[in-house]
Amino acid sequence: MDFLMHSSKQNIKQVNCMKVEGNIEKYYHYAFPMQTILVTCNDQAGKTNIITLAWHTPISRKPPLYGISIAPKRYSHALIENSKEFVINFIPYSLVEAAQFCGTHSGLSTDKLCKTGLTLAHSKTLSTPLIKEGYAHLECKLVKSVPFGDHTLFVGEVITVSADEDAFKNELLRTDQIHPLYYIGENAYTTLDRAKRKTF
Ligand SMILES: Cc1cc2nc3c(=O)[nH]c(=O)nc-3n(C[C@H](O)[C@H](O)[C@H](O)COP(=O)(O)O)c2cc1C
């Protein structure tokens with residue numbers, strides 16, 4: 001506290017530096033790399049669609065809430081609005097082709113499950129299944145959808161979470177075993193392979 005009061009009175013010196021001004025239309029590129037997930041959602045007949053998402057985030061601990069941002073023109077947008085549930089599937093880098101496919105084809109005209117060869121498995125609490133090849137899963141019930149600009153923020157209450165046995169140790173992702181998929185924009189991906197780690 002002392003430190004804060006002291007420093008707020010200080011006349012902070014600013015320096016000149018050369019930053020390159022970027023393209024505001026692609027402002028979100030500065031947030032990359034973003035972990036890339038596959039979200040499963042069901043149509044009214046119970047058929048499952050898969051959408052690739054990079055815009056997603058935890059929102060609250062209590063209650064446990066997770067947000068995903070989806071453009072209204074996506075087929076999955078209508079599915080989630082109708083079914084009021086979705087499953088977040090965190091996936092390894094090895095599924096990069098499947099993620100690219102599910103992120104460039106619409107479930108309206110393509111059976112992405114069939115084309116990618118991904119496997120569905122029963123989720124524990126929802127009708128919407130999870131993707132077996134993912135390493136962790138959040139089963140979410142829709143609590144709110146709020147339009148923001150050209151996307152809708154779907155907020156789901158996380159009802160059940162599950163993960164592969166070897167994916168986490170003491171709640172920490174085992175980056176020696178699991179290499180999560182990250183998107184860096186312009187159809188390019190990366191991973192946390194041999195990531196540096198510091199634990200305090
Ligand atoms: C890596 C990647 C990330 C994406 N992230 C999002 C996103 O966060 N929100 C979104 O609305 N679309 C996103 N997309 C686009 C959708 O995945 C894409 O339009 C998809 O074909 C929609 O499928 P659907 O019509 O079956 O719902 C992303 C695509 C890729 C390749």
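**Stop 1: Pro 33 and its bond**

Select Pro 33, in the loop between α1 (2–9) and β1. Look at the peptide bond that reaches it from Phe 32: this bond is cis, with omega near 5°. Keep in mind that you are viewing a predicted model.

Now jump to Pro 63, in the loop between β4 and β5. Here too the bond is cis: it joins Lys 62 and Pro 63, and omega is about 0°.

**Stop 2: the whole chain**

Zoom out. The C-alpha trace spans about 65 × 40 × 35 Å along its principal axes. Colour by secondary structure and you should find four helices and 14 strands. Of the 200 residues, 27% count as buried. Among contacts with a separation of 6 or more, 62% link residues 24 or more positions apart.

Next, colour by confidence. The chain averages a pLDDT of 94, and 94% of the residues score at least 70. Then select residues 1–6, where the pLDDT is below 50. Beyond near neighbours in sequence, this stretch has zero contacts in the model. Where pLDDT is low, the predicted coordinates should not be read in detail.

**Stop 3: the sheet beside Pro 33**

Select β1, β13 and β14. They form an open sheet of three strands, in the order β1-β13-β14, with antiparallel pairing. The edges are β1 (34–35) and β14 (188–191), each pairing on one side only. Between β1 and β13 (residues 181–185) there are two bridges. Click Met 34 and look across to β13: Tyr 183 stands opposite.

**Stop 4: strand β3**

Move to β3 (48–53). Is this strand open to the outside or enclosed? Six of its six residues are buried, so β3 is largely enclosed by the rest of the structure. Show the side chains. Thr 48, Ile 50 and Thr 52 point one way, while Asn 49, Ile 51 and Leu 53 point the other way.

Add β2 (residues 37–42), which pairs with β3 in the antiparallel sense over six bridges. One pair to find is Leu 38 with Thr 52. The two strands make a hairpin with five residues between them. In the turn, Gly 46 has a positive phi of about 90°.

**Stop 5: around the ligand**

Select the ligand and show its surroundings. Which residues come nearest? They are Trp 55, Ser 76, Gly 103, Ser 106 and Gly 107, out of 21 around the ligand. β3, β5 (65–70) and α2 (75–83) are the elements that give two or more residues to this shell. β3 gives the most, with four residues. Colour the shell by class: nine residues are nonpolar, eleven are polar and one is charged.

Stay with Trp 55, in the loop between β3 and β4 (56–60). Trp 55 counts as partly exposed because it has 17 C-beta neighbours inside 10 Å, and a buried residue would need 20 or more. Draw a distance from its C-alpha atom to that of Glu 85: the separation is 17 Å, with the two residues 30 apart along the chain.

**Stop 6: from Lys 84 to the β9–β10 hairpin**

Step to Lys 84, in the loop between α2 and β6. Lys 84 has a positive phi of about 60°, although it is not a glycine. With 17 other C-beta atoms within 10 Å, Lys 84 is partly exposed.

Follow the chain into β6 (residues 85–90), which pairs antiparallel with β9 (residues 136–148) over six bridges. Glu 85 has Lys 141 in β9 as its bridge partner. Now turn to the other pairing of Lys 141: Glu 157 in β10 stands opposite. Twelve bridges join β9 to β10 (residues 151–163), and these strands run antiparallel. Their hairpin has two residues between the strands, and Gly 149 takes a positive phi near 55°.

**Stop 7: the core**

Pick Val 87 and list what it touches. Among its contacts are Val 39, Leu 126, Leu 130, His 137 and Cys 140. Val 87 also belongs to the largest nonpolar core, which has 33 residues. Those with the most contacts inside this core include Ile 37, Leu 38, Val 39 and Val 87. In soluble globular proteins, nonpolar side chains tend to be buried together.

**Last stop: Glu 171**

Finish in the loop between β11 (168–169) and β12 (172–173), where Glu 171 lies. Glu 171 has a positive phi of about 70° and is not a glycine. Is Glu 171 buried or exposed? Glu 171 counts as exposed, with 5 C-beta neighbours inside 10 Å.

Key: Residues are numbered from 1 along each chain as its sequence is written. This is a predicted model: local features need pLDDT of at least 70, side-chain atom pairs count only at pLDDT 80 or more; totals for chains, interfaces and linings use all residues. A residue is near a molecule or strand if its C-beta atom, placed from the backbone, lies within 6 Å of it. Ala, Val, Leu, Ile, Met, Phe, Trp, Tyr, Cys and Pro count as nonpolar, Asp, Glu, Lys and Arg as charged, and the others, Gly among them, as polar. pLDDT is the predictor's confidence in each residue, from 0 to 100. Two residues are in contact if their C-beta atoms, placed from the backbone, lie within 7 Å. A nonpolar core is a set of buried Ala, Val, Leu, Ile, Met, Phe, Trp, Tyr and Cys residues joined through C-beta atoms within 7 Å. A residue is buried if 20 or more other C-beta atoms lie within 10 Å of its own, exposed if 12 or fewer, and partly exposed in between; C-beta atoms are placed from the backbone. Two strands pair if DSSP finds at least two bridges between them. Lists of a residue's contacts leave out its neighbours within four places in sequence.
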